[in-house]
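The following note sets out points for a colleague who is examining this structure. It proceeds from the strands to the helices, and then to individual residues.

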Amino acid sequence: MKIVGFVGSLRRASFSGAVMDTLIELAPDGMEIERLSIGDLPLYNADLKEDGSPRVVIDLAEKVRGADGVLIVTPEYNRSFSGVLKNALDWISTEPGMPFSGKPTVVVSQSIGLRGGALANYHLRQVLSVIGAAILTGPEAAVASSSDLVTDGRIEDERTRKRLAKELEMLAEAVRRAA
Ligand code: FNR
């Protein structure tokens, strides 16, 4: 079971990255999560597609097409998800064959605040629904007070780890159902 992971922050010590690394660590048997790099994408500009899309975009879209599922961790910026993540989704959505179409997709938000980026979480769901992702519903996974939970680039808090592991179980189940 191949899952591609997007992190909506480019910061080296990003808490979103720490959540993703924790998810990778918690992946159940048979699930492989590959974190995709979105920091080297240019800002979306249709002119750049005139002679064919940039290689980095073609490769990203191909990874998404080839995946069984998608996992996204985003911070909340001004009550939405991050611009770098939107840029990546916009690029991939313009590639042939609606790469996200029908892909079981889990959304996790995080924030240093008390709501865990719940508004970013729902804003992201709105965008994902337009590009055809099969978004997993249910209570959103929103990691609050993330700066208090991360140690050495990982979430160590047991309750949060259990919550994240539950998301991965749900994703694995959705991938099995879609097969
Ligand atoms: C934020 N932050 C933030 N937090 C929140 O809960 N709600 C919000 O609306 C915002 N808005 C916001 C805007 C901008 C421009 C920045 C830079 C930050 C705080 C933010 O979620 C927090 O710093 C995250 O930890 C950033 O994610 P990474 O880089 O740690 O993954």
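A residue is called buried here when its relative accessible area is under 20%, and exposed when that area is over 50%. The model under discussion is predicted.

1. Strand E3. With 7 of its 7 residues buried, strand E3 is largely enclosed by the rest of the structure. The strand spans residues 69–75. Burial applies to both of its faces: Gly69, Leu71, Val73 and Pro75 lie on one side, and Val70, Ile72 and Thr74 lie on the other.

2. Neighbours of E3. Strand E1 pairs with E3 in the parallel sense, and the two are joined over 5 bridges. E3 also pairs with strand E4 in the parallel sense, in this case over 6 bridges. Leu71 illustrates both pairings: Gly5 stands opposite Leu71, and Val106 in E4 is a bridge partner of Leu71. Further along the pairing with E4, Pro75 stands opposite Gln110.

3. Strand E4. Is E4 mostly covered or mostly open? Strand E4, residues 104–110, is mostly covered, as 7 of its 7 residues are buried. Pro104, Val106, Val108 and Gln110 form one covered side, while Thr105, Val107 and Ser109 form the other.

4. Further partners of E4. Beyond its pairing with E3, E4 pairs in the parallel sense with strand E5 (residues 134–135) over 2 bridges. In that pairing, Thr105 has Ile135 as its bridge partner. E4 also runs parallel to strand E6 (residues 141–143), to which 3 bridges join it. There, Ser109 is matched with Ala142.

5. The connection from E3 to E4. Which helix completes a β-α-β unit with E3 and E4? Helix H3, residues 83–93, does so, and the unit is right-handed. Within H3, the buried residues include Leu85, Ala88, Leu89 and Ile92. In an α-helix there are 3.6 residues a turn, so residues three or four places apart point the same way. Asn87 and Trp91 are also buried in H3. The buried residues of this helix pack against strand E1 (2–7), helix H2 (55–65), E3 and helix H4 (118–130).

6. H3 and H4. The axes of these two helices come within 11 Å and cross at roughly 10°. H3 is therefore roughly parallel to H4. At their interface, Leu85, Lys86 and Leu89 in H3 meet Leu124, Val127 and Leu128 in H4.

7. H1 and H6. Helix H1 (residues 15–26) packs against helix H6 (residues 158–178) at an angle of about 65°, with the axes 10 Å apart. The two helices are therefore roughly perpendicular to each other, and their crossing is right-handed. From H1, the residues in this packing are Val19, Thr22, Leu23, Glu25 and Leu26; from H6, they are Arg161, Leu164, Ala165 and Leu168.

8. Val143. This residue belongs to strand E6. Why does Val143 count as buried? Its relative accessibility is 5%, and the cut-off for burial is under 20%. Leaving aside neighbours within four places in sequence, Val143 is in contact with Val108, Ser109 and Gln110, among others; these three residues belong to the covered faces of E4. Other contacts of Val143 include Ser111, Gly116, Leu149, Ile155, Thr160 and Leu164. Leu164 is also one of the H6 residues that meet H1. Leu168, another of those H6 residues, lies 25 residues from Val143 in sequence and 15 Å away in space, C-alpha to C-alpha.

9. Two residues with positive phi. Which backbone angle deserves attention at Asn78? Phi of Asn78 is near 50°, a positive value in a residue other than glycine. Asn78 lies in the loop between E3 and H3 and is exposed, with a relative accessible area of 79%. Asp152 likewise is not a glycine and has a positive phi of about 50°. Its place is the loop between strand E7 (150–151) and strand E8 (154–155). Asp152 is exposed, at a relative accessible area of 77%.

Conventions
Residues are numbered from 1 along each chain as its sequence is written. This is a predicted model: local features need pLDDT of at least 70, side-chain atom pairs count only at pLDDT 80 or more; totals for chains, interfaces and linings use all residues. Side-chain values use heavy atoms; hydrogens and water are left out. Buried means under 20% relative accessible area, exposed over 50%, partly exposed in between (1.4 Å probe, protein chains only). Helices (H or I, at least four residues) and strands (E, at least two) are DSSP runs, numbered from the N terminus. Two strands pair if DSSP finds at least two bridges between them. A crossover is right-handed if, with the strands pointing away from the viewer, the path from the first strand over the helix to the second runs clockwise. Contact means heavy atoms within 4.5 Å. Axes are lines fitted to C-alpha atoms, for helices over the stretch in contact, and angles run from 0 to 180 degrees between N-to-C directions. Angles under 35 degrees count as roughly parallel, over 145 as roughly antiparallel, 65 to 115 as roughly perpendicular and the rest as oblique. A crossing is left-handed if the near helix is turned anticlockwise from the far one by less than a right angle, and right-handed if clockwise.
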